[in-house]
Each structure stands twice: as C-alpha cells, then as structure tokens.
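Subject: Handover of a structure

Dear colleague,

Please find the structure below, together with its sequence. I should be grateful if you would read the notes that come after it.

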Amino acid sequence: MSRHAYYEDLKALARKKRNGYGVDTAAFGLREVRRIYKAESIRIDYWPLPYKIKALYMCADGDCSVAIQRSLPNEPKLFALVHELKHHYCDRAALGSGVIHCGDYNANELIEKGAEVFAAEFIYPEREFAEDVRALSITTWTPEDIVHLKRNCKAKASYTFLRKRLERLELIDRGQFNSVQFRKLEEQIYGVPFYRHRSSS
Ligand SMILES: [Zn+2]
C-alpha cells in the first residue's frame with residue numbers, strides 16, 4: 001500500500017469513528033475524548049514521561065492504556081489523545097505486547113505520521129476545514145489572518161495544526177510561517193491573557 005493510500009484509509013477511519021461517536025467539531029474537547037476512552041476501555045495514566053515523549057500506548061492481554069504528559073496544554077493534549085486512539089484501532093497487532101512511544105518520529109515513522117493524520121481528521125475533518133476557510137475569502141494569508149483564524153476556530157486546534165492544514169491545502173507555502181511566533185503575535189493584537197498576568201506577578 002502506498003503512503004498516500006495508507007493516509008487516506010486512516011482519514012476514512014477517523015471520519016467513521018467520529019460519526020460513530022457523534023462527534024461535533026465545535027463541541028469536541030478533552031471531556032468528549034475521555035468519554036471515548038471509557039467506551040473503548042482505554043485507561044489514561046499520568047505518569048512522569050521524558051519530555052521528548054508526548055504519550056505512549058500499551059496494550060497487553062486486553063488491558064489497554066495510554067500515558068500522557070500532564071503538562072501538555074489542552075489542544076496538544078487533545079491531539080495526543082486522539083493520536084493514541086489510532087494506535088488502539090490500527091497498531092495493536094503489530095505492537096504485540098510492546099509499547100509505542102509517541103513523539104520520537106525516527107522510530108515507527110509511518111505509523112506515527114499516520115496517527116497524526118488520523119488525529120487531524122478526527123478533530124477537524126479536512127473537508128469541513130476547507131469549507132470554513134473558503135468562507136473567509138482570504139486570498140493571501142498573513143500571520144495576522146492565522147491569529148484571527150485561531151481565535152475564531154470552532155475546533156480545539158493549535159497554531160501548528162492550523163498552519164499545517166493551510167500548507168496541506170496549499171493556501172500557504174510549506175514552511176512559509178514556520179518562524180512566526182503566533183502566541184506572541186496574538187498577545188500583540190489581543191493583549192496578554194488574564195491568567196498570564198496573574199502568574200507573572
Ligand atoms: Zn504515536
């Protein structure tokens with residue numbers, strides 16, 4: 001199977017599972033993904049993990065669990081938890097009784113990238129995203145446009161998620177905005193969030 005066909009299969013699986021769980025993009029967050037974990041009988045553990053590992057998936061004798069970095073912000077945490085769902089659905093047989101360490105893209109490169117593709121499609125399907133973005137009628141994207149997109153985004157998606165999607169849809173060039181510090185820019189446009197004022201005082 002080609003890489004492209006593998007990714008397309010994973011996107012179709014993500015849409016099927018989404019539909020099965022009645023996922024609505026705008027209402028899908030950590031609470032909803034935890035509900036799916038419960039239905040799939042996957043335990044979530046918060047062990048201390050090396051910082052390079054975002055999460056790991058284990059399953060032996062039907063006892064399946066995911067360990068995740070507690071310190072991850074909400075959007076990457078949601079993404080990581082859905083990424084792990086792909087291992088649960090697709091990689092259990094290949095895994096045997098071992099462990100998949102996620103975050104290290106040198107090992108298991110294809111199944112890891114596949115999990116990223118699955119998670120992106122699950123959280124915000126590409127077609128839905130393309131329709132929403134098209135409605136904005138932006139011809140030449142600027143970093144400020146991406147900040148506005150993020151602020152008004154119905155899905156819980158990080159700047160990296162949105163940037164990669166825009167690249168994929170060829171609305172921006174690959175790597176065009178890699179050096180932009182979007183959070184900083186957001187603070188310049190909208191001000192520093194209240195919780196940051198408090199924590200820095
Ligand atoms: Zn993974």
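The notes below cover the conventions, the zinc site, the sheet, three loop residues and one pocket.

This is a predicted model, in which local features need pLDDT of at least 70 and side-chain atom pairs count only at pLDDT 80 or more, while totals for chains, interfaces and linings use all residues. Residues are numbered from 1 along each chain as its sequence is written, and side-chain values use heavy atoms, with hydrogens and water left out.

Zinc site

The zinc ion is coordinated by His83 (NE2), His87 (NE2), Cys102 (SG) and Glu112, the last listed with two OE entries, at 2.0 to 2.6 Å. Donors here are N, O and S atoms within 2.8 Å of the metal (3.2 Å for Na, K and Ca); water is not among the atoms, so sites may look incomplete. Along the chain, the donors follow the spacing H-x3-H-x14-C-x9-E. Histidine 83 belongs to helix α3 (residues 74-90) and glutamate 112 to helix α5 (residues 109-123), so the pair ties together parts that are 29 residues apart in sequence. Helices (H or I, at least four residues) and strands (E, at least two) are DSSP runs, numbered from the N terminus. Histidine 83 counts as buried at 3% relative accessibility, and glutamate 112 counts as buried at 0%. Buried means under 20% relative accessible area, exposed over 50%, and partly exposed in between (1.4 Å probe, protein chains only).

Sheet

Four strands form an open sheet of mixed pairing, in the order β1-β3-β2-β4. Two strands pair if DSSP finds at least two bridges between them. β1 (42-45) and β4 (99-102) stand at the edges with a single partner strand each, so one side of each is left without a neighbour in the sheet. β1 and β3 (residues 63-68) run parallel and are joined by four bridges. Arginine 43 stands opposite serine 65 in β3, and aspartate 45 has alanine 67 of β3 as its bridge partner. The pairing of β2 (residues 55-60) with β3 is antiparallel, over six bridges, and cysteine 59 stands opposite cysteine 64 in β3. The hairpin of β2 and β3 has two residues between the strands, and aspartate 61 takes a positive phi near 50° there. Five of the six residues of β3 are buried, so this strand is largely enclosed by the rest of the structure.

Loop residues

Serine 41 lies in the loop between α2 (30-39) and β1; its phi is near 55°, a positive value in a residue other than glycine. At 54% relative accessibility, serine 41 counts as exposed. The loop between α8 and α9 holds glutamate 170, which has a positive phi of about 60° although it is not a glycine. Glutamate 170 counts as exposed at 69% relative accessibility. Aspartate 173 is placed in the loop between α8 (159-168) and α9 (182-190), and is exposed, with a relative accessible area of 55%.

Pocket

The second largest pocket has a volume of about 150 Å³. Of the 13 residues that line this pocket, the closest to its centre are Asp132, Leu136, Leu149, Asn152 and Cys153. A pocket is an open set of points on a 1 Å grid over the protein atoms alone, where a 1.4 Å probe fits, with protein on both sides within 12 Å along at least five of seven lines; lining residues have an atom within 4 Å of a point. A volume is the space filled by probe spheres set on the points. α6 (126-134) and α7 (143-151) each supply at least two residues of the lining.

Yours sincerely
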